[in-house]
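Trainee: I should like to learn how to read salt bridges and strand pairing in a protein structure. May we work through an example together?

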Amino acid sequence: MQIDEAAAAYADEIARVRRLSPATVRAYAADLRDLALAVAPITRLEDIDLEALRQWLWVATQRGDARSTLARRTAAARGFFAWATESGLVPTDPSLRLVAPKRGRSLPQVATADGVREVLDTLADRARDGDAIVLRDSAMLETFYGAGIRVSELCGLDLDDLDLERATVRVMGKGSKERVVPFGVPALRALEAYLTRGRPALVARTSAPDSAGRALFCGARGARIVPRAVYDVVVRALGPTMGTAAVGPHALRHSAATHLLDGGADLRAVQELLGHASLGTTQIYTHVSSERLAASYRLAHPRA
């Protein structure tokens, strides 16, 4: 079988059967396209050997690709060839001895609790004027930070997912895993104001009202909001507070998790809230809290 043909079949397999997230499917498909280009003029799947795979990763290393990217590409190749072997497309798996480089684990960038509070309070004050976009931004960031959800989960929220009486929201996470997440009183108030005065005004801006559907958060033209628009909102709001314009939506999620642990939340509870499959993923935030404690100690203790 041709490499491109097999890669397309594998992408369909991990999307439909294994139900990996769309972002992961896109990333793995891109990695396999890069592999096909790297091994050219080889076009047949069965002609790729371990040496070709190692050469592919070596070229990526020389190009300056991050270790996390190399690790993902290794995972993509190993998953692909394991599937190809099980499917009878290749006699043996050439990726069995392909070693992924160790991933460097950097601590996530987080804002201070006071900094986030100032940003959200400022937005709430501005929202009192009734501007639809500001009402949306206030409700969106309060929900984002209050529930600690992912940007894809935020954009995918429907009106039916919101329970104002219980102050919870139902989200569809990675692997199509559903969870119900609570949010606080400020988010509740911001959502009520947005649903009353903001969302109707945004939906009215479009000539095709059905484009909004049941979407909770709408863009400036009334359709369901997209991740890029959320990114822009977060950068404008949170960038100055964190001292960088490169901060993205995930920084708000990181901040929510860190502030929960700083406040004494149980690690398992934070894992459930964030929708992490592994506790190890959540544990990185304990390091952030420890770093902050150590920094405060060094600054404040006379014998530090």
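The dialogue below concerns salt bridges first and the sheet afterwards.

Mentor: Please keep in mind that this is a predicted model.

Trainee: How many salt bridges does a search of the whole structure find?

Mentor: The search finds 21 salt bridges. A pair counts when a side-chain nitrogen of Lys or Arg lies within 4 Å of a carboxyl oxygen of Asp or Glu. Asp 12 and Arg 16 form one such pair, their closest N and O atoms being 2.9 Å apart.

Trainee: Where do Asp 12 and Arg 16 lie?

Mentor: Both belong to helix 1, which covers residues 3–16. They are four residues apart, or about one turn of the helix.

Trainee: Are these two residues buried or exposed?

Mentor: Exposed means over 50% relative accessible area, and buried means under 20%. Arg 16, at 57%, is therefore exposed. Asp 12 has 36% relative accessibility, so it counts as partly exposed.

Trainee: Which residues of helix 9 can I study in the same manner?

Mentor: Asp 232 and Arg 228 are four residues apart in helix 9, and so they are separated by about one helical turn. Their side chains meet in a salt bridge of 3.1 Å, N to O. Arg 228 counts as exposed because its relative accessibility is 52%, while Asp 232 is partly exposed at 30%.

Trainee: Which salt bridge links distant parts of the chain?

Mentor: Consider the side chains of Arg 214 and Asp 160, which meet in a salt bridge at 2.9 Å, N to O. The two residues are 54 residues apart. Arg 214 sits in the loop between helix 8 (185–203) and helix 9 (227–242). Asp 160 sits in the loop between helix 7 (151–155) and strand 1 (162–163). Arg 214 is partly exposed, with a relative accessible area of 45%.

Trainee: Which residues are linked in a network of salt bridges?

Mentor: The network links Asp 31, Asp 34, Arg 63, Asp 65, Arg 72 and Arg 73.

Trainee: Let us turn to the sheet. How do strands of a sheet pair?

Mentor: Strands pair through backbone hydrogen bonds, in a parallel or an antiparallel manner. Here, three strands form an open sheet in the order 1-2-3, with antiparallel pairing. Strand 1 and strand 3 (178–182) stand at the edges with a single partner strand each, so one side of each has no neighbour in the sheet.

Trainee: How many bridges join strand 1 to strand 2?

Mentor: Two bridges join strand 1 to strand 2, which comprises residues 168–172. To locate the pairing, note that Asp 163 stands opposite Thr 168 in strand 2.

Conventions: Residues are numbered from 1 along each chain as its sequence is written. This is a predicted model: local features need pLDDT of at least 70, side-chain atom pairs count only at pLDDT 80 or more; totals for chains, interfaces and linings use all residues. Side-chain values use heavy atoms; hydrogens and water are left out. Buried means under 20% relative accessible area, exposed over 50%, partly exposed in between (1.4 Å probe, protein chains only). Two strands pair if DSSP finds at least two bridges between them.
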